[in-house]
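Please work through the following exercises with the sequence and the model side by side. Each task is followed by a solution that goes step by step.

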Amino acid sequence: MDPIDCATIYDQVGTIFGLCVKDGVVESPPLFGREALLVRSDGSASIAQPNVRELVIEINGKQYHHGGNATIYTRPERAKTPGGAGVKVVIVGRKVVAVKESGSVEIPASGFVMCIEGEAGKSTCACRNIAAGADECTEDVVAGDSVTYHGMEDVKFGIQVGNSIIKDGVKTERFISRFYNVRKLERVPFPPSLYPMDFEKARAARIALGADKDGKPMLFWAEGAGKLKYVAGEDSTGASLTEMAEIAADIGMANGINLDGGGSAQILIKNQRALRISDRNTADNSDAERLVPLGLIAR
């Protein structure tokens with residue numbers, strides 16, 4: 001998350017913004033209906049649009065599911081939950097960050113709110129444990145409690161970043177993932193990982209991750225020009241997402257997703273930089289490495 005993405009007191013700069021799965025463990029749930037690259041235990045890779053409402057959420061041994069014993073509220077559908085009875089559990093990543101017994105609560109852009117209600121809408125606590133023979137719970141869910149997600153145990157690797165560039169061997173021709181100004185719940189001209197906006201014409205440094213039809217991992221990138229100036233004979237001009245889709249098809253990628261681009265597009269191979277960074281120092285046009293909160297390591 002960038003500063004402009006922080007819509008509530010629960011959001012923090014650098015927080016993972018969307019699905020992140022490693023060996024069946026969901027470190028961060030899917031958000032905003034964005035496309036994701038999923039690699040299953042059988043080695044198959046696919047592009048999907050997972051939804052946090054499809055997952056079972058476990059806190060302190062008790063499981064909750066949307067439409068059953070809980071209701072999940074997310075952006076961009078609404079900025080706040082409805083008021084009234086029901087415990088509101090604010091979740092970001094794998095942590096409960098706040099609990100409110102009644103009334104409405106702001107929905108974080110980096111997470112969601114789970115409302116737990118009893119019969120006929122009567123408020124009920126989210127039980128941590130029930131002592132043997134006791135009629136009521138001894139402890140409620142509190143901020144800091146861990147969250148476990150069920151429903152993606154067969155996913156070895158999953159990441160939700162930008163738009164797809166190819167799906168089932170068919171080149172993507174338009175934006176499918178939607179991005180929003182999370183404070184105003186409307187689209188912004190230069191959203192994360194889709195910068196610049198024009199799918200067909202706008203060029204920038206790009207990185208794409210995916211696999212061929214047999215599930216073999218594939219990674220390729222297009223080096224972009226410096227943002228300060230273009231140096232003929234030294235700088236590449238990057239690629240548009242249409243061009244990335246064409247390259248993906250040419251090299252045999254069957255399913256692939258566009259990772260973050262621009263100055264965030266950085267690759268090291270054996271500790272050596274493999275492309276020039278488009279962020280440059282003013283004095284000598286040298287690479288200006290950008291702080292990034294999350295990186296992928298291929299071993």
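**Exercise 1. A hairpin and its sheet**

How many bridges join strand 5 to strand 6, and in which sense do the two strands run?

Solution. Before the count, some conventions: the model is a predicted one, in which local features need pLDDT of at least 70 and side-chain atom pairs count only at pLDDT 80 or more, while totals for chains, interfaces and linings use all residues. Residues are numbered from 1 along each chain as its sequence is written, and side-chain values use heavy atoms, with hydrogens and water left out.

Step 1. Strand 5 (residues 56-59) is joined to strand 6 by three bridges, and the two run antiparallel; strands here are DSSP runs of E with at least two residues, helices are runs of H or I with at least four residues, and both are numbered from the N terminus. Two strands are said to pair if DSSP finds at least two bridges between them.

Step 2. Within this pair, Ile-57 stands opposite Tyr-64 of strand 6, and Ile-59 stands opposite Lys-62. The two strands form a hairpin with two residues between them, and Asn-60 in the turn has a positive phi of about 55 degrees.

Step 3. Strand 5 also pairs with strand 13 in the antiparallel sense, over three bridges, and here Ile-57 stands opposite Tyr-149. The result is an open sheet of three strands in the order 6-5-13, whose edge strands, strand 6 (62-64) and strand 13 (148-150), each pair on one side only.

**Exercise 2. Two faces of one strand**

Which side chains of strand 5 point to one face and are buried, and which point to the other?

Solution. Step 1. In a regular strand the side chains alternate between the two faces of the sheet.

Step 2. Strand 5 shows this alternation, with Ile-57 and Ile-59 pointing to one face and buried, whereas Val-56 and Glu-58 point to the other face and are not buried. Buried means under 20% relative accessible area, exposed means over 50%, and partly exposed lies in between, with a 1.4 Å probe and protein chains only.

**Exercise 3. The helix**

Which residues of helix 1 are buried?

Solution. Step 1. In helix 1 (residues 241-251), the buried residues are Leu-241, Met-244, Ala-245 and Ala-248. Seen down the helix axis, these residues fall within an arc of 100 degrees, so they line one face of helix 1; the arc is that of the directions from the axis to the C-beta atoms.

Step 2. The partners against which they pack are strand 15 (164-167), strand 16 (170-171), strand 17 (206-212), strand 18 (217-222) and strand 19 (253-258).

Step 3. Just after helix 1 comes Gly-252, with a positive phi of about 90 degrees.

**Exercise 4. Uncommon backbone geometry**

Where do Asp-168 and Asn-271 lie, and are they buried or exposed?

Solution. Step 1. Most residues other than glycine have a negative phi, and most peptide bonds are trans.

Step 2. Asp-168, in the loop between strand 15 and strand 16, has a positive phi near 50 degrees and counts as exposed at 57% relative accessibility.

Step 3. Asn-271, in the loop between strand 20 (268-269) and strand 21 (272-273), has a positive phi of about 70 degrees and is exposed, with a relative accessible area of 70%.

Step 4. The peptide bond from Arg-75 to Pro-76 is cis, with omega near 5 degrees, and Pro-76 is found in the loop between strand 7 (71-73) and strand 8 (87-92).

**Exercise 5. Contacts around one phenylalanine**

Which residues does Phe-157 touch, not counting residues up to four places away in sequence?

Solution. Step 1. Phe-157 belongs to strand 14 (residues 155-160) and counts as partly exposed, at 24% relative accessibility.

Step 2. With contact meaning heavy atoms within 4.5 Å, Phe-157 touches Val-21, Leu-37, Leu-38, Val-39, Leu-209 and Leu-296.

Step 3. The C-alpha atoms of Phe-157 and Gly-24 are separated by 7.4 Å, although the two residues are 133 residues apart along the chain.

**Exercise 6. Confidence**

What is the mean pLDDT of the protein chain?

Solution. Step 1. The mean pLDDT, the predictor's confidence in each residue on a scale from 0 to 100, is 86, and 89% of the residues reach 70 or more.

Step 2. Over residues 119-125 the pLDDT is below 50, and this stretch has 13 contacts in the model beyond near neighbours in sequence. Over residues 127-139 the pLDDT is also below 50, with 17 such contacts.
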